[in-house]
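Me: I should like to go through this structure by asking how its descriptive terms are justified.

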Amino acid sequence: MNRIQTLETRDLAQSAHNGGCGECQTSCQSACKTSCGVANQPCEKSSENK
Amino acid sequence: MIHQYKLNGYCIVLDIYSGSVHVVDPVAYDVIALYETTAPEEIIRQMLEKYHDQPDVTEEELRQVLDSIEELKKNGKLFAPDQYADMAFDFKERNTVIKALCLHVAHTCNLTCNYCFASQGKYQGDRALMSLEVGKQAIDFLIAHSGTRRNLEVDFFGGEPLMNWQMVKDVVAYAREQEKLHNKNFRFTLTTNGLLIDDDVIEFANKEMHNVVLSLDGRKEVHDRLRRTVNGKGSYDIILPKFKKLVESRGGKGYYMRGTFTHDNVDFTNDIFHMADLGFTELSMEPVVSAPDEPYALTEEDLPKLFEQYEILATEMIRRHEAGNGFTFYHYMIDLKGGPCIYKRISGCGSGTEYLAVTPWGELFPCHQFVGDPAYSMGNVWDGVTNTALRDEFKLCNAYARPDCKDCWARLYCSGGCAANAYHATGSIKGIYEYGCQLFRKRIECAIMVQVAQAGFTKSY
């Protein structure tokens with residue numbers, strides 16, 4: 001078997017060039033209200049723009 | 001920087017600065033751990049010794065693993081360098097717009113939950129309801145300071161917002177008029193304890209609220225222990241049928257059942273499973289935020305139990321997903337392909353800059369957790385943000401601003417953590433709430449493991 005397999009993930013370095021539109025939700029606004037996580041925030045841009 | 005961990009049969013390697021996730025076998029796991037500090041020949045020697053009883057671990061095989069690692073490194077997917085520190089510095093100069101408000105429409109409550117960070121809705125101050133005039137001015141203020149940002153978020157919060165329900169409806173109607181005039185799209189959220197939910201609330205919330213957050217702590221005895229009415233009675237039996245009716249008629253629109261766990265229910269997964277068994281599928285359960293001397297405060301001794309609970313939750317979620325009765329846990333939601341860009345991952349929640357809380361009197365605070373603290377008053381909805389020094393302090397409060405985060409693998413997942421938690425734990429918004437950090441890191445490990453499992457990878461140990 002292949003000993004190293006890689007999941008498809010968003011390239012963070014690339015997102016420095018095509019991200020930053022600021023349309024995404026503020027992190028704490030939806031369900032927690034007592035902590036900060038950004039990993040679970042969806043990106044508002046359509047997938048073809050990423 | 002990389003982070004390696006083994007969980008539920010999977011060996012996982014996170015490459016922090018590229019965002020890559022690798023699923024490896026134990027041999028590759030060990031090779032990667034040595035790769036940056038040990039010469040290739042020495043790695044091969046150590047691996048042949050360690051895995052001498054495994055015939056497939058040969059020198060040739062190990063050289064292939066080393067080549068794969070080098071290839072990934074060359075492609076920026078493993079041991080990727082940190083390219084973002086300068087970007088974080090630029091955040092000081094960025095021109096921020098305001099895109100979300102938390103409207104404290106009622107500084108009063110019809111429950112007396114012991115653990116409430118808002119002191120039963122009063123936020124260490126007087127009881128009050130927001131007037132329609134203040135609510136409309138808040139909407140005008142938000143539109144005026146939102147720049148070209150189209151999606152604007154408004155959370156109706158309290159206390160208990162349903163104690164000022166007509167005002168909420170009137171503010172929504174006003175905002176719907178204004179959004180057409182200014183080419184904006186308002187997304188409303190209602191956070192409620194449920195006591196005053198009736199058919200009118202359900203109909204309106206399902207039409208107008210992008211999201212509703214319904215406070216339920218789980219099992220009846222857990223919920224009723226701390227979430228009592230002003231008469232001292234538990235609220236579970238009153239709210240549960242209301243929550244069920246609201247969610248059943250929601251037509252697929254967003255909602256969360258949102259609970260708080262404390263030292264009294266460190267076995268909080270049973271509360272999450274209880275909610276799932278009731279038929280709710282969108283679930284959130286948060287550790288209590290409290291002073292350490294409260295009887296319900298989480299303790300150091302609780303930590304290992306909580307870690308175990310998060311693992312139990314993850315494996316049970318995988319099992320239920322496969323069985324066709326899965327549910328969502330807010331902190332395990334992670335979209336590896338379509339998640340947030342690096343700007344979002346550095347800049348954080350936006351409190352004090354993009355997100356502000358508005359008191360019933362129209363005063364502005366960095367977020368709901370700072371309301372009532374005079375040192376954090378930022379201005380008001382008529383004059384705007386007048387305490388610009390405080391705003392600039394929050395602007396710089398990001399994943400690269402906190403010295404304690406420097407060597408933490410999780411900082412691009414949490415963006416440096418919650419400023420309010422840091423402030424309450426250390427006296428500074430640039431500190432960290434270490435207890436919360438430990439729970440956060442565990443949750444991210446579990447969240448990614450769930451993704452790996454659901455992507456169909458085979459367990460390797």
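The questions and replies below set values against definitions.

Me: What should be known about the model and its labels beforehand?
Reply: This is a predicted model, in which local features need pLDDT of at least 70 and side-chain atom pairs count only at pLDDT 80 or more, whereas totals for chains, interfaces and linings use all residues. Residues are numbered from 1 along each chain as its sequence is written, and chains are lettered from A, with ligands numbered from 1, in the order in which they are written.

Me: What makes B:Tyr123 count as buried?
Reply: A residue is buried if 20 or more other C-beta atoms lie within 10 Å of its own, exposed if 12 or fewer, and partly exposed in between, with C-beta atoms placed from the backbone. B:Tyr123 has 26 C-beta neighbours inside 10 Å, and therefore counts as buried. B:Tyr123 lies in the loop between strand 4 (100-107) and strand 5 (128-129) of chain B; helices (H or I, at least four residues) and strands (E, at least two) are DSSP runs, numbered from the N terminus.

Me: Why is B:Ser415 called buried?
Reply: B:Ser415 has 27 other C-beta atoms within 10 Å, so the residue is buried. B:Ser415 sits in the loop between helix 14 (411-414) and helix 15 (419-426) of chain B.

Me: What is notable about the backbone at these two residues?
Reply: Most residues other than glycine have a negative phi, and most peptide bonds are trans. Phi of B:Tyr123 is near 50 degrees, a positive value, and B:Ser415, also not a glycine, has a positive phi of about 60 degrees. As for peptide bonds, the one from B:Gly158 to B:Gly159 is cis, with omega near 10 degrees.

Me: How do you know that strand 1 and strand 2 of chain B pair?
Reply: Two strands pair if DSSP finds at least two bridges between them. Strand 1 (residues 2-7) and strand 2 of chain B have six bridges, in the antiparallel sense, and B:His3 has B:Leu14 as its bridge partner. The two strands form a hairpin with two residues between them.

Me: What makes strand 2 of chain B largely enclosed?
Reply: Five of the six residues of strand 2 (residues 10-15) of chain B are buried, so this strand is largely enclosed by the rest of the structure. Strand 2 of chain B also pairs with strand 3 (residues 20-24) of chain B, antiparallel and over five bridges. B:Ile12 has B:Val23 as its bridge partner there.

Me: Which strand of chain A is joined to strand 3 of chain B?
Reply: Strand 1 of chain A runs antiparallel to strand 3 of chain B, and three bridges join them. A:Thr6 stands opposite B:His22.

Me: Why are helix 10 and helix 11 of chain B called roughly parallel?
Reply: Axes are lines fitted to C-alpha atoms, for helices over the stretch in contact, and angles run from 0 to 180 degrees between N-to-C directions. Angles under 35 degrees count as roughly parallel, over 145 as roughly antiparallel, 65 to 115 as roughly perpendicular and the rest as oblique. The axes of helix 10 (residues 269-277) and helix 11 (residues 302-323) of chain B cross at roughly 30 degrees and come within 9 Å. The two helices are therefore roughly parallel to each other. Residues are in contact if their C-beta atoms, placed from the backbone, lie within 7 Å; B:Ile272 and B:Phe273 are among the residues of helix 10 of chain B that meet helix 11 of chain B.

Conventions:
Contact = placed C-beta atoms within 7 Å.
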